[in-house]
Structures are given as structure tokens and as C-alpha cells.
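User: Could you take a close look at one part of this model and walk me through how it is put together? I'd like to know what surrounds it and which contacts are worth inspecting on screen.

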Number of protein chains: 2
Amino acid sequence: MFLQLLRDVVDGTDGGLAGILMDAQGIPVETYVRAPGGVDMAVVGAEYSVIVKSIRRAAESLDAGGAREIAIQSDKMTTLIRMLNDDYFVAVALSPDANFGKGRYLMRAAAPKLLAALA
Amino acid sequence: MFLQLLRDVVDGTDGGLAGILMDAQGIPVETYVRAPGGVDMAVVGAEYSVIVKSIRRAAESLDAGGAREIAIQSDKMTTLIRMLNDDYFVAVALSPDANFGKGRYLMRAAAPKLLAALA
């Protein structure tokens, strides 16, 4: 269920590399890697959870409301992170030339389904 | 010089709230607030630097290359952060309904000018 939803997002996005559903403590619930060997999702996921924690703390002290979506563009990768609720987030790694808008759209569309499956 | 460049980005973006040029240690170089009272940029800037550090560490351990641009959407604010080099970044706070694309475009256009002024 989780795997299929992650696969839909990653494979449905040109340049999609991998996707992960993870809890806020950094424990992966499900991982999908499109091209094995390309991305070590155990490492990636742990880093995502550090980023999510830091941004959540920042958003709280800013009274900016809950962080919903985080996008990070680096030289070799674009990362999209979407908070599902206080306990879980989904993250997708894209190549730099990926279809960012499509990835974001598919991730948003998958969010309520992932949430429903977590319940 | 810095102030004018920040003002161009913030005032040029519908929904632009504030902008800050900051070093990686969290020391503000220049701050521009469009609507005083709306955003406490001292607090905001310090939080930005925490986020930037956390994302830089993550990008390094991911070998993802240098993080160039970070976008964070929360309920009450959208934040755009752009690394200028290893030592400085510029951040712009936008209202949730702001023209995100215009803000990003103006920030990208201002980046080389800010870098030149820092040199």
C-alpha cells in the first residue's frame, strides 16, 4: 500500500529517484528506490528527519504555523518533503532536471492516501 | 546598497514581507522589513541560520552538492532562502498567498549583485 503510493509519485515524475515515508523520529516506514544504487535512502532518510526537526523548531518559534512543504535544491538533487501530520512525513528525491511541479503535484495527491493508510 | 537590493526583492513581490542578508553564523548584515511589526527579523534570521546549517550538513553527508535554494511553506508564511556562497545567504519572507515565482525570480536576479557588493 505505502510502497505502491510512493512508487506512483516517483515513477510518475520524470527524474524521480526515490521516495520515503518516515516518522518524525527518523524511522522509515517504507522506502522506494527507482534506480537501485543511485540513492542510499537509509542515509537520505535520516538526514531528512534532521532537516524536518530543525524546520519544525524554527516554524514553531517563528509562530509561522506548521511547516507543510519543504523544497531543497542542491547541485545534484532536488528534495521535496511534505509533512503528513505531526508524526509522519513523505520525501521524494528528484534529479536536478526533474519535473519539479509534477513531483510536487503527485506528492500532494498521494498525501491524503498515505494518511488514510497510516490510520 | 544591500538595503536597496533587499528592498527591490521584497517590494517587487506581491506579498513580500521582509528580507535579510545574513552570514552563515547567523549574524545579520542587512535587514529590510516592509511592514514593521509584522515580522521580527532578528528572530526570523536566527532561525534561518539554524535551518541553513542543518540543510548544509545534510547536503554534505548526502553528497548532494551545495544546497542552493530552500523553500519552506508553512500555514502563515513562505520562506525562500538562497545561498550566495559558503559564508552568506539571503532570505525572504512572503505571505502564504504571495507571488512565489516572482519572489524567487527577483531573489535569483539580486544574488550576483549582493555577492558583488559583499566582495
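Analyst: Let's start with a word you will meet often: buried means under 20% relative accessible area, exposed means over 50%, and partly exposed is in between, using a 1.4 Å probe and protein chains only. Helices (H or I, at least four residues) and strands (E, at least two) are DSSP runs, numbered from the N terminus. This is a predicted model, in which local features need pLDDT of at least 70 and side-chain atom pairs count only at pLDDT 80 or more, while totals for chains, interfaces and linings use all residues. Residues are numbered from 1 along each chain as its sequence is written, chains are lettered from A and ligands numbered from 1 in the order in which they are written, and side-chain values use heavy atoms, leaving out hydrogens and water.

The part I'd pick is strand 4 of chain A. Six of the six residues of this strand, 78-83, are buried, so the rest of the structure largely encloses it. In a regular strand the side chains alternate between the two faces of the sheet. Here both faces are covered: T78(A), L80(A) and R82(A) are buried on one side, and T79(A), I81(A) and M83(A) are buried on the other.

Next, the partner strand. Two strands pair if DSSP finds at least two bridges between them. Strand 4 of chain A runs antiparallel to strand 5 of chain A (residues 88-94), and six bridges join them. Within that pairing, R82(A) stands opposite V90(A). The two strands form a hairpin with four residues between them.

D86(A) sits in the loop between strand 4 and strand 5 of chain A. Unlike the residues of strand 4, which are buried, D86(A) is exposed, at 60% relative accessible area. Setting aside neighbours within four places in sequence, D86(A) is in contact (heavy atoms within 4.5 Å) with A24(A) and R56(A). For another landmark, the C-alpha atoms of D86(A) and I51(A) are separated by 14 Å, and the two residues are 35 apart along the chain.

Back to R82(A), and to charge. Side chains of opposite charge can pair when their charged atoms come close. A salt bridge here is a side-chain nitrogen of Lys or Arg within 4 Å of a carboxyl oxygen of Asp or Glu, and the whole structure has eight of them over all chains. In chain B, E69(B) and R82(B) meet in one, at 2.4 Å from N to O. That pair links distant parts of the chain, with E69(B) in strand 3 (residues 67-74) and R82(B) in strand 4 (residues 78-83) of chain B, 13 residues apart. Both E69(B) and R82(B) are buried. In chain A, salt bridges that share partners join E69(A), R82(A), R104(A) and R108(A) into one network.

One member of that network is the salt bridge of R108(A) with E69(A), whose closest N and O atoms are 3.0 Å apart. R108(A) lies in helix 3 (residues 100-118) of chain A and E69(A) in strand 3 (residues 67-74) of chain A, so this pair also links distant parts of the chain, 39 residues apart. E69(A) is buried at 4% relative accessibility, whereas R108(A) is partly exposed at 37%.

It also helps to look at the counterpart strand in chain B. T78(B), in strand 4 of chain B, is buried with a relative accessible area of 4%. Beyond four places in sequence, T78(B) touches I72(B), Q73(B), V92(B), A93(B), L94(B), S95(B), P96(B) and F100(B).

Finally, strand 5 of chain A, the hairpin partner, leads into the nonpolar interior. A nonpolar core is a set of buried Ala, Val, Leu, Ile, Met, Phe, Trp, Tyr and Cys residues joined through side-chain atoms within 4.5 Å. In the largest one, of 38 residues, L114(A) and L114(B) touch the most other members. Helix 1, strand 5 and helix 3 of chain A, together with helix 1, strand 5 and helix 3 of chain B, each supply at least two residues of this core. Another core, of 34 residues, lies apart from it, with M22(A), V52(A), I55(B) and I81(B) among its members.

Helix 1 of chain A packs in as well: F2(A), L5(A), L6(A), V9(A) and V10(A) are buried there. The buried residues of this helix pack against strand 1 (16-23), strand 2, strand 5 and helix 3 of chain A.
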